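Trainee: Please give me a close look at the largest pocket, then at the parts that supply its lining. What is the volume of that pocket?

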Amino acid sequence: TSKGVKFYSTSTRASTPFGAGSLARSLPTGTMGLQRRHMSSVPATMKAAVIEKTGPAEVMEVKEWPVPKVADGQVLVKNEYAGINFIDTYHRSGLYARDLPFVGGQEGGGTIAQVTPKAEEMGFKVGDRVAYSILQTYSEYSAVPAGKLQPIPDGVGVDVATACVVQGMTAHYLTTDAHAQLIKPGEWMLIHGVGGGTCQWAAQMAKELGYKVIGTTSKGKEAIGRATGVDELIVLDEAPGTSFEDYTSVDVTKKVMEITGGEGVKCVIDGIGKATMDISIDSLARRGIFVSFGNASGAVPPFPVLRLIGKSAFVTRPKLLDYTENRGEMLRRSDQIMGWIKAGKLKVSIDKSFSLSEAAEGHKYLEAGKSTGKVLYKI
């Protein structure tokens, strides 16, 4: 690794990025003591998992990479954990296009190593524990806009807080808003894959919000699925060679109709994708909504809108950014999630932590459907 350098953020240089070239040479006389609160010893390079070409997990290479420069209004976070999410595998594989090369990840947590004046005005300081979501988190350091930081309250670990940022926040918007209030408390909701990551959160949140929940899961994850507190659990065989549910092994739609007295569910939350699209649409009640948010089994194929006429159904394909469009909305969601965790109403399962040097193994583990909770890199 490179020799460490001292970084300073100064009000007199606020218009330029803070990096190795913005050392204390321009500080006014007598301001050194004042500026020490912004100072941190940071190397010029860091370890990062870099994707230079798209493809299988092996295309990720852990290598030396420049520590990002910090502009005023940002902080530099020394990462302790980075979350591994399916969307990261879509970026790596090329399913979702990104400019190359790039550092993987979009979920991180750690401590602030460097703060800039505008970030300090927002109340942040060196040493604060924070979690956040930006592109580029599979790395030792990340430059994060202060507006995207979620303070970690006392009593919540950095690993748990990191897990909240994408999976927790995704589960929150799915169960509170993505269904456009077409489902009311006391009505049935179907959530696929409740033995895994995001939907393990979603099942618990849906119950907390007063919905009746049917979950699906594989036999190998049955205990985890039941622990979410769902009202009904449909257990499926595992697809050969994976830990994913085999959605051909049980007639899920028939089971749903039996449970709901032939009416169907008012909302389906579906992160599985291709394997469950027909099941999800066919399981809807009249004027129900199919919320398709993921592609674990492959992308949902195009289908004619006439497919929805049978029960005047709705469909949406949401994403987290549109449900955290400003800091107020982000903090409203984060505060409720953290409150549930501290109150013991929401149990966060950290399944496995890989070292950053095991970047490829982390993606393979998730893509094989082996996860029974949150999967992280320990940086």
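Mentor: The largest pocket has a volume of about 1,100 Å³. A pocket here is an open set of points on a 1 Å grid over the protein atoms alone, with protein on both sides within 12 Å along at least five of seven lines; a cavity is a set where a 1.4 Å probe fits but cannot get out, and lining residues have an atom within 4 Å of a point. Points are joined across faces, edges and corners, and a volume is the space filled by probe spheres set on them. The model is predicted: local features need pLDDT of at least 70 and side-chain atom pairs pLDDT 80 or more, while totals for chains, interfaces and linings use all residues. Numbering runs from 1 along each chain as its sequence is written, and side-chain values use heavy atoms, with hydrogens and water left out.

The lining of the largest pocket comprises 50 residues, of which Asn85, Ile87, Gln106, Val166 and Thr170 are the closest to the centre. By class there are 22 nonpolar, 20 polar and eight charged residues. Nonpolar covers Ala, Val, Leu, Ile, Met, Phe, Trp, Tyr, Cys and Pro; charged covers Asp, Glu, Lys and Arg; the others, Gly among them, are polar. Two or more lining residues come from each of α2 (86–93), α4 (158–176), α5 (198–208) and α9 (327–342). The largest contribution, six residues, is from α4. Helices (H or I, at least four residues) and strands (E, at least two) are DSSP runs numbered from the N terminus; the chain has 10 helices and 18 strands.

Take α2 to begin with. Asp88, Thr89, Tyr90, His91 and Arg92 of this helix are buried, where buried means under 20% relative accessible area, exposed over 50% and partly exposed in between (1.4 Å probe, protein chains only). These buried residues pack against β3 (45–51), β4 (60–66), β5 (74–83), β6 (102–103) and α10 (359–367), a contact being heavy atoms within 4.5 Å. Phe86, Tyr90 and Tyr96 are linked into a cluster by ring pairs. Just after α2, Gly94 has a positive phi of about 95°.

The helix α4 also has a part in ring pairing. Rings of Phe, Tyr and Trp (its six-membered ring) pair if their centres lie within 6.5 Å; planes under 30 degrees apart count as stacked, over 60 as edge-to-face and the rest as tilted. The count comes to five aromatic pairs. Tyr173 and Tyr323 have ring centres 4.6 Å apart and planes at 10°, so they are stacked. Tyr173 lies in α4 and Tyr323 in the loop between β16 (314–316) and α9, 150 residues apart. Tyr173 counts as buried at 2% relative accessibility, as does Tyr323 at 18%.

The helix α4 has a further role in the largest nonpolar core, to which α4 gives the most, with 11 residues. Such a core is a set of buried Ala, Val, Leu, Ile, Met, Phe, Trp, Tyr and Cys residues joined through side-chain atoms within 4.5 Å. This one has 44 residues, and Met189, Ile191, Trp201, Ile269 and Ile337 have the most contacts inside it. At least two core residues come from each of α4, β11 (188–191), α5, β14 (265–270), β15 (284–292) and α9. In soluble globular proteins, nonpolar side chains tend to be buried together. Leaving aside residues up to four places away in sequence, Ile191 touches residues including Cys199, Ala202, Ala203, Ala206 and Ile269.

That leads to α5, where nine of 11 residues are buried, Trp201 and Cys199 among them. The cover over the buried part of α5 includes α4, β11, β12 (212–218), α6 (222–227), β14 and α9. After α5 comes Gly210, with a positive phi near 100°. The helix also borders the largest cavity, giving three residues, the largest share of its lining. That cavity holds about 40 Å³ of space; Gly197, Gln200, Trp201, Gln204, Lys347, Val348, Ser349, Gly373 and Lys374 line it.

For reference, the second largest pocket has a volume of about 170 Å³, and its lining has two nonpolar, two polar and five charged residues.
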